[in-house]
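Trainee: Hi, could you walk me through this one? I'd like to start with charge pairs, and I'm hazy on the term salt bridge.

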Amino acid sequence: MSPIKQQNSAEGTEWRFKKWHLWLLIAGLIVRVAVSGIIAKSDPFGGWDGREYHAFSGSLLAFEGDDYPRFFNFVRAPGYPMILMPFVMLNPAQVWRVQLAQSLLGVFFAFLLGKVAARWAGARAGDWAFSLAIFHPFLIYY
């Protein structure tokens, strides 16, 4: 095995969380929470689909059927509404708890993406994937 290939294989699979990663993670969380705080209350629902998820979680809590009117699909899978159930149970009118949980999940998934990219394409790719996922606008704004 050539020395270059040996160096790349030893270096490429290990991605360690560095101090500057922590600062990016904190900055990304602050940006996500700030965006959550400045958007209108109806915007986190992202149109009819988000309202449907929210309404379905309320129906699941009340042990009722899924009677939310829909136009394009026939069955709503209960995965995401089940995640929303604790937040709807606390207060269905407040969505800031959901936004905070989604912000935390977003930075966690950016970390996971960095780990996967590092194993796949090297530590530098992990750094880039982590940095881009933390600040990509479409991953911050729902």
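Mentor: Happy to! A salt bridge here is a side-chain nitrogen of Lys or Arg within 4 Å of a carboxyl oxygen of Asp or Glu. Keep in mind that the model is predicted.

Trainee: Great, so how many salt bridges does the structure hold?

Mentor: There is one salt bridge in the structure. Lys-18 pairs with Asp-127, and their closest N and O atoms are 4.0 Å apart.

Trainee: And which parts does the pair tie together?

Mentor: Lys-18 is in the loop between helix 1 (3–12) and helix 2, while Asp-127 is in helix 6 (residues 123–135), so the bridge ties together parts 109 residues apart in sequence.

Trainee: Is Asp-127 buried or exposed?

Mentor: Asp-127 is buried, at 16% relative accessible area. Lys-18 counts as partly exposed because its relative accessibility is 34%.

Trainee: Switching topic: what's the secondary structure of the chain?

Mentor: It comes to seven helices and zero strands. Of the chain's 142 residues, 31% count as buried.

Trainee: How do helix 2 and helix 5 pack?

Mentor: Helix 2 packs with helix 5 (residues 96–121) at an angle of about 150 degrees, and their axes are 9 Å apart. That makes the two roughly antiparallel, and their crossing is right-handed.

Trainee: Last one: which residues make the nonpolar surface patch?

Mentor: Phe-17, Leu-22, Trp-23, Ile-26 and Ile-30 make it, and the patch is about 500 Å². Ile-30 belongs to helix 2 (residues 19–38), and Ile-30 counts as exposed because its relative accessibility is 53%.

Terms used. Residues are numbered from 1 along each chain as its sequence is written. This is a predicted model: local features need pLDDT of at least 70, side-chain atom pairs count only at pLDDT 80 or more; totals for chains, interfaces and linings use all residues. Side-chain values use heavy atoms; hydrogens and water are left out. Patches are made of residues with over 30% relative accessible area and no salt bridge: like charges are joined within 9 Å, nonpolar side chains (Val, Leu, Ile, Met, Phe, Trp, Tyr) within 5 Å. Accessible areas come from the Shrake-Rupley method with a 1.4 Å probe; for residues, only the protein chains shown count as cover. Helices (H or I, at least four residues) and strands (E, at least two) are DSSP runs, numbered from the N terminus. Buried means under 20% relative accessible area, exposed over 50%, partly exposed in between (1.4 Å probe, protein chains only). Axes are lines fitted to C-alpha atoms, for helices over the stretch in contact, and angles run from 0 to 180 degrees between N-to-C directions. Angles under 35 degrees count as roughly parallel, over 145 as roughly antiparallel, 65 to 115 as roughly perpendicular and the rest as oblique. A crossing is left-handed if the near helix is turned anticlockwise from the far one by less than a right angle, and right-handed if clockwise.
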